[in-house]
Amino acid sequence: MLSSGKRKHRRPSKAVRFAAFAGITGAAVAAPLLGATTANAATAAEWDRVAQCESGGDWSINTGNGYYGGLQFSASTWAAYGGTAYAQTADKASKSQQIAVAEKVLAGQGKGAWPSCGVGLSGAAYDGAAAERTAEEPTTRSEQRTAPKAATPKAAPKSSGTVTTPTGAKVEKGDGEYRVKAGDTLGSIATAEKVTGGWKKLFDLNRDIVSDADLIYPGQQLHLS
């Protein structure tokens with residue numbers, strides 16, 4: 001969705017510092033927490049601000065709205081970025097674990113994953129690549145809040161074909177109940193078919209296929225009401 005920008009180095013977790021102090025290699029201990037962290041990452045203070053904006057700073061919140069934890073992950077995003085290695089949903093994971101997953105989301109999608117609350121993140125910049133994720137659901141609570149409401153799809157207009165004019169041009173055929181014959185005009189049709197409102201009414205009813213009231217063509221099918 002978004003390209004990564006420059007980010008600050010994140011402070012090692014307590015687990016990593018403890019492993020180093022104890023003389024352990026630390027690879028096995030550190031990997032789950034730091035697997036998503038690159039040389040560039042948002043700071044802990046920045047994630048605190050995002051959490052404050054998203055959830056009031058409650059890292060264990062679950063209000064039943066489909067988004068969990070301090071950074072309000074959807075369950076699908078939490079799983080997609082490895083969160084289930086820590087807990088089934090983000091609200092059951094620790095703050096540091098939620099941030100570790102958030103770093104992966106930030107690297108993969110940029111701060112646009114939190115469009116309302118992530119503007120202050122230094123780890124990645126919004127660059128317009130969000131358009132590539134148009135088929136995906138909102139991944140965080142703030143993205144859900146800013147996602148445009150899906151418009152009710154309109155029924156596709158019926159394809160009624162075309163007719164060929166004497167000059168060889170193609171015009172819309174229409175799907176009305178009256179078929180235009182040679183010599184017809186809107187006025188003569190309105191009179192013959194007793195259309196209330198006369199030719200003007202006919203013109204209004206058939207503007208989708210008649211652009212000039214003086215030009216109708218044999219084979220076109222006009223609506224009379």
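Reader: How many disulfides does the structure hold?

Author: This is a predicted model: local features need pLDDT of at least 70, side-chain atom pairs count only at pLDDT 80 or more, and totals for chains, interfaces and linings use all residues. Residues are numbered from 1 along each chain as its sequence is written, and side-chain values use heavy atoms, with hydrogens and water left out. A disulfide is a pair of cysteine sulfur atoms within 2.5 Å. The number of disulfides held by the structure is one.

Reader: Is the disulfide of Cys 53 and Cys 117 left-handed or right-handed?

Author: The sulfur atoms of Cys 53 and Cys 117 are 2.0 Å apart. The torsion about their S-S bond is about -65°, so the disulfide is left-handed.

Reader: How many residues apart in sequence are the parts that Cys 53 and Cys 117 tie together?

Author: Helices (H or I, at least four residues) and strands (E, at least two) are DSSP runs, numbered from the N terminus. Cys 53 lies in helix H3 (residues 44-55), and Cys 117 lies in the loop between helix H5 (95-109) and helix H6 (141-146). The disulfide therefore ties together parts whose separation in sequence is 64 residues.

Reader: Which cysteine of the disulfide, Cys 53 or Cys 117, is buried?

Author: Buried means under 20% relative accessible area, exposed over 50%, and partly exposed in between (1.4 Å probe, protein chains only). Cys 53 has a relative accessible area of 40%, so this residue is partly exposed. The value of 8% falls in the buried range, and it belongs to Cys 117.

Reader: Which residues of H3 are exposed on the other side from its buried ones?

Author: H3 has 12 residues and reaches 16 Å from its first C-alpha to its last, close to the 16 Å expected at 1.5 Å a residue (the expected span is 1.5 Å times one less than the number of residues). Its buried residues are Glu 46, Trp 47, Val 50, Ala 51, Glu 54 and Ser 55. They cover an arc of only 140° around the axis (taken from the directions from the helix axis to the C-beta atoms), which puts them on the same side of H3. The exposed residues on the other side are Arg 49 and Gln 52.

Reader: What is the C-alpha to C-alpha distance between Ala 51 and Ile 99?

Author: Ala 51 is in helix H3 and counts as buried because its relative accessibility is 0%. Apart from neighbours within four places in sequence, Ala 51 is in contact (heavy atoms within 4.5 Å) with Gly 56, Gly 57, Trp 59, Gly 70 and Leu 71. Ile 99 is 48 residues from Ala 51 in sequence, and their C-alpha atoms are separated in space by 9.9 Å.

Reader: Which element gives the largest share of the largest nonpolar core?

Author: A nonpolar core is a set of buried Ala, Val, Leu, Ile, Met, Phe, Trp, Tyr and Cys residues joined through side-chain atoms within 4.5 Å. The largest one has 21 residues, of which Trp 47, Val 50, Leu 71, Phe 73, Trp 114 and Leu 121 touch the most other members. The elements that give two or more residues to this core are H3 and H5. The largest share, five residues, comes from H5.

Reader: Which class of ring pair do Trp 47 and Trp 114 form?

Author: Rings of Phe, Tyr and Trp (its six-membered ring) pair if their centres lie within 6.5 Å; planes under 30 degrees apart count as stacked, over 60 as edge-to-face and the rest as tilted. A search of the whole structure finds three aromatic pairs. In the pair of Trp 47 and Trp 114, the centres are 5.2 Å apart and the planes are at 70°, so the class is edge-to-face.

Reader: How many residues apart are Phe 73 and Trp 114?

Author: The ring centres of Phe 73 and Trp 114 are 6.4 Å apart and their planes are at 75°, so this pair is edge-to-face. Phe 73 is in strand E2 and Trp 114 is in the loop between H5 and H6, a separation in the chain of 41 residues.

Reader: Is Lys 194 buried or exposed?

Author: Lys 194 is in the loop between helix H7 (186-192) and helix H8 (198-205). Its phi is near 55°, a positive value in a residue other than glycine. Its relative accessibility is 71%, so Lys 194 counts as exposed.
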